[in-house]
Amino acid sequence: MLREQKFIGEKNVMRLEKGKRGLLNVLFGRTTIILLMLALQFLFMVVAFQWLEQYTAVIWWGSTVLAIGVVMHLVNRKGQSSVKLTWILLIVAMPVFGSVFYLWVQKDVGHRILHRRMDDLIHSTAHFVESDPAVMEEIYQLDKPLYDLAHYLHRTGGFPVYKNAAVKYFPLGEDKFEDLLVELEMAKDFIFLEYFIIEEGYMWGRVLDILSRKVKEGVEVRVLYDGTCALYKLPYGYPKKLKALGIQCKMFAPIRPFVSTHYNNRDHRKILVIDGVTAYTGGVNLADEYINQRKLYGHWKDTAVKVQGEAVKTFTLMFLQMWNMDAKAGRYDKYMNRDFRLSPKGEGYVLPYGDSPLDDERVGEMIYYDILNKAERYVHIMSPYLILDDEMISALSFAAKRGIQVRIILPHIPDKEYAFALAKTHYRQLMEAGVEIYEYLPGFVHAKVFSSDGTKAVVGTVNLDYRSLYHHFECGLYMSRVPEITKIEWDFAETLEECKKITPEDLKNEKLSRRIMGVLLKVVAPLM
């Protein structure tokens, strides 16, 4: 059943800003200037290319040859067909601009530098998280499909499988928040936080109060948040405010007034590591709506997971790799070589993993495919978005057609109307294949959960949309034979009671404006 919780009072809530940023501050602030300069650069490119395109017959023929060459390159290169189709439509509509824009995106220097840097970091730190041959041999004998997945994750990303980690599942952001405050108070050596969104309020204020006290006790604290927060959540100079408290802070890829494709690759991860022995991940950011302290879209349904033991090493390493993206060198051994003998123990196996847009491996999507393709009875899914490529549609449909119960819980009250419209363009095709789609009537579902057959589950940050599957840095925890999977299934069943099952009649009665929006936006969905 739906559970409400209120946090009363402002005790132990630290705020570094006096209040919300006013409309005038936003309109005449740094964010607006950056967006205006970016828009002007983009407009200049469009106008220039359109002008050149019709200047002379020579340029026209040249643009045609260029467009044909780029389209041929697109058709023959590896990649997802829907992404290729979107580029081809853009090139057909605007041959010169579309062709040059595509080539610029593919050859962007900033993106290539980040790719090389991340590749170097992964290879130079791989020895910190090596697979245990005894564990691999054990799962080979016990569960060959799990062994195959573990082999894939270690080969492509250096992510090992761990045995006997302690796992705790949180069915609401409020539950994670309460547990997190307790764990933070017990920190002795270091605290690492990596979040997509941080916003001042009750939740972040409580956490920040603890962090500031821990720094005074000698605990090292690092905070890494995505640079888009500076556009509408936090002032650009917020890292300096944290540094004044003794907290190390960085923004990932802050938006600057120069056009670059690497702005499209955001740090969507949610990782919190305490002393290298406790870690959290899931959908919950550090802002009040995630614990229903603030109501934006009805009740906010989110999930998270805590893992303790040696498996935390992977989350620690992922944080340090991201932290050192803009650094020449970084120290790892101090944070990776921890004593896990006193850590809580659990049953089963876990595979913490990350996903990077800088390589050709769609790790998050491959894990979802693995669950769908190997399911024997059911696959239960919670996701805030449903903006799918052809491969994911096929995987969901095929699972349902071969008799697997596939149920997806989505929001009923969306946070983004365009995303909601795009999601609904997939409803009919999936439902005709036998997929059951439900909408969470109390509000917004932000959880990213896959569970199957009572034996395997994933809780992480990967949405069922192009941004998560292709463009963002993501992470998650894959669990096999872990007792908390029962709790995940219980939570899914409880959430389902608050949902409405979508019927063909509902599709007929959908608002015309939303249907039109979805059809129009579907053409450019892969680039959104």
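Start at Asp179, which is buried at a relative accessible area of 13%. This is a predicted model. Now add Lys168, whose side chain meets that of Asp179 in a salt bridge, 3.4 Å from N to O. Lys168 sits in strand β1 (residues 162–170) and Asp179 in helix α9 (residues 173–185), so the bridge ties together parts that are eleven residues apart in sequence. Lys168 is partly exposed, with a relative accessible area of 34%.

**The whole chain**

Zoom out. The protein chain has 21 helices and 17 strands. It runs to 528 residues, and 57% of them are buried. Take the contacts between residues at least 6 apart in sequence: 81% of these join residues at least 24 apart. The accessible surface is about 23,100 Å², with 60% of that belonging to carbon and sulfur atoms.

**More salt bridges**

The structure holds 32 salt bridges. Select Glu199 and Arg294 next. Their side chains meet in a salt bridge at 3.0 Å, N to O. The pair links distant parts of the chain, 95 residues apart: Glu199 is in the loop between β2 and α10 (202–216), and Arg294 is in the loop between β6 (278–282) and β7 (299–301). Glu199 counts as buried at 9% relative accessibility. Arg294 counts as partly exposed at 25%.

Move to Glu217. It forms a salt bridge with Lys214, and the closest N and O atoms are 3.1 Å apart. Is each partner buried or exposed? Glu217 is exposed, with a relative accessible area of 52%. Lys214 counts as buried, at 3% relative accessibility. Now select Glu417, Lys424, Glu439, Glu510 and Arg514 together; salt bridges that share partners join these residues into one network.

**Around Phe420**

Two members of that network, Glu439 and Arg514, are also in contact with Phe420. Phe420 lies in helix α17 (residues 417–433). It is buried, with a relative accessible area of 7%. Beyond its neighbours within four places in sequence, it also contacts Pro411, His412, Pro414 and Tyr427. Draw a distance from the C-alpha atom of Phe420 to that of Gly518: the separation is 8.1 Å, although the two residues are 98 apart along the chain.

**A buried acid**

Go to Glu194 in strand β2 (residues 190–195). Which side chain of opposite charge is nearest to Glu194? It is Arg269, 4.2 Å away. A salt bridge needs the nitrogen within 4 Å of the carboxyl oxygen. Glu194 is buried yet has no salt bridge. Show its contacts, leaving aside neighbours within four places in sequence: Leu224, Asp267, Arg269, Lys270, Ile271, Met318, Phe319 and Met322.

**Aromatic rings**

Phe319, one of those contacts, leads to the next stop. It forms one aromatic cluster with Phe190, Phe192, Trp323 and Tyr335.

The model has 17 aromatic pairs. One of them is Tyr297 with Trp300, a tilted pair with 6.3 Å centre to centre and 40° between the planes. Tyr297 counts as partly exposed, at 25% relative accessibility. Trp300 is buried, at 4% relative accessible area.

**Last stop: the surface**

Switch on the surface. Select Leu85, Leu89, Val523 and Val524, which make a nonpolar surface patch of about 310 Å². Val524 lies in the segment after α21 (512–522). Val524 is partly exposed, with a relative accessible area of 36%.

Notes: Residues are numbered from 1 along each chain as its sequence is written. This is a predicted model: local features need pLDDT of at least 70, side-chain atom pairs count only at pLDDT 80 or more; totals for chains, interfaces and linings use all residues. Side-chain values use heavy atoms; hydrogens and water are left out. Rings of Phe, Tyr and Trp (its six-membered ring) pair if their centres lie within 6.5 Å; planes under 30 degrees apart count as stacked, over 60 as edge-to-face and the rest as tilted. Buried means under 20% relative accessible area, exposed over 50%, partly exposed in between (1.4 Å probe, protein chains only). Helices (H or I, at least four residues) and strands (E, at least two) are DSSP runs, numbered from the N terminus. Lys and Arg count as positive and Asp and Glu as negative; His and the chain ends are not counted. Contact means heavy atoms within 4.5 Å. Patches are made of residues with over 30% relative accessible area and no salt bridge: like charges are joined within 9 Å, nonpolar side chains (Val, Leu, Ile, Met, Phe, Trp, Tyr) within 5 Å. Accessible areas come from the Shrake-Rupley method with a 1.4 Å probe; for residues, only the protein chains shown count as cover.
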